[in-house]
Amino acid sequence: NKMLIIVDLCQKEVGWLGTVLKKGNDFLIEDVFLFKQEVTGAENRICPEALLDFSQELIALPGGEEIHQKLRFWGHSHVDYDTHPSGQDESQMEVFKMGCPFFIRGIANKRGSLSFTIFLFDKGLRINDAPWELYEESDPVLRQQLEAELKEKVTEKKYTSPAQSTNWQQYYGDLYPYIDPD
């Protein structure tokens, strides 16, 4: 439910990490956590510094080391696009592979689609579009808390373009001083 609320509240491609409990062949995503990040409508790149800060904050909490050891889930929004993994999504899993017997990736969108892939690294297996069920009820207080957390931790990455000029010599003159316009 937390994941669906985050996706609904954020207009950009936001990401989160989560704890996973494995019981036999079943996996339960127990909780998800937002971390500081810059996002766009098309990508959510995970910054190593932000993950380090998140890890340090988490470990400092009571029971934080145990929670940190159970981080085996990465989820993110594709906003209004399909929930099929992108090339960046695939390469990100190589990072999470380090020392983990398993990891789960979830991709959600605003149309309510959720797609989960279970990576069983220790067995060399991958389960695409794993079946899933929701175990939580809707909670309006949780929605308000997540809205405040998104405002605190998620910022839009801004790109600036060079100044526009209709005079090519003025615009490119410093780059190409040897061109004679006459």
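## A walk around the sheet and its two main pockets

Start with the sheet: select its 6 strands and you'll find an open sheet in the order 2-1-4-5-6-7, with mixed pairing. (Strands are DSSP runs of E, at least two residues, and helices are runs of H or I, at least four, all numbered from the N terminus; two strands pair if DSSP finds at least two bridges between them.) Now colour strand 2 and strand 7 (125-127): they stand at the edges with a single partner strand each, so one side of each has no neighbour in the sheet. From one strand to the next, the twist averages 25°.

A word on what you're looking at: this is a predicted model, where local features need pLDDT of at least 70, side-chain atom pairs count only at pLDDT 80 or more, and totals for chains, interfaces and linings use all residues. Residues are numbered from 1 along each chain as its sequence is written, and side-chain values use heavy atoms, leaving out hydrogens and water.

Next, zoom in on strand 6 (114-120) and strand 7. They run antiparallel and are joined by 3 bridges. Pick phenylalanine 119, and its bridge partner in strand 7 is arginine 126.

Now show helix 2: it packs on the sheet, touching strand 1, strand 2 and strand 4 (contact means heavy atoms within 4.5 Å), and its direction makes about 100° with that of strand 2. Helix 1 lies across strand 1, strand 2, strand 4, strand 5 (103-108) and strand 6, at about 40° to strand 2. (Axes are lines fitted to C-alpha atoms, for helices over the stretch in contact, and angles run from 0 to 180 degrees between N-to-C directions.)

On to the largest pocket, about 910 Å³ in volume. (A pocket is an open set of points on a 1 Å grid over the protein atoms alone, where a 1.4 Å probe fits, with protein on both sides within 12 Å along at least five of seven lines; lining residues have an atom within 4 Å of a point. Points are joined across faces, edges and corners, and the volume is the space filled by probe spheres set on them.) Select Phe27, Leu28, Ile29, Trp132 and Tyr135, the closest to its centre of the 34 lining residues. Strand 2 gives the most to this lining, with 7 residues.

Last stop: the second largest pocket, about 350 Å³. Select Leu51, Ser55, His68, Leu71 and Phe96, which lie nearest its centre among 14 lining residues. Helix 2 supplies the largest share of that lining, 4 residues.
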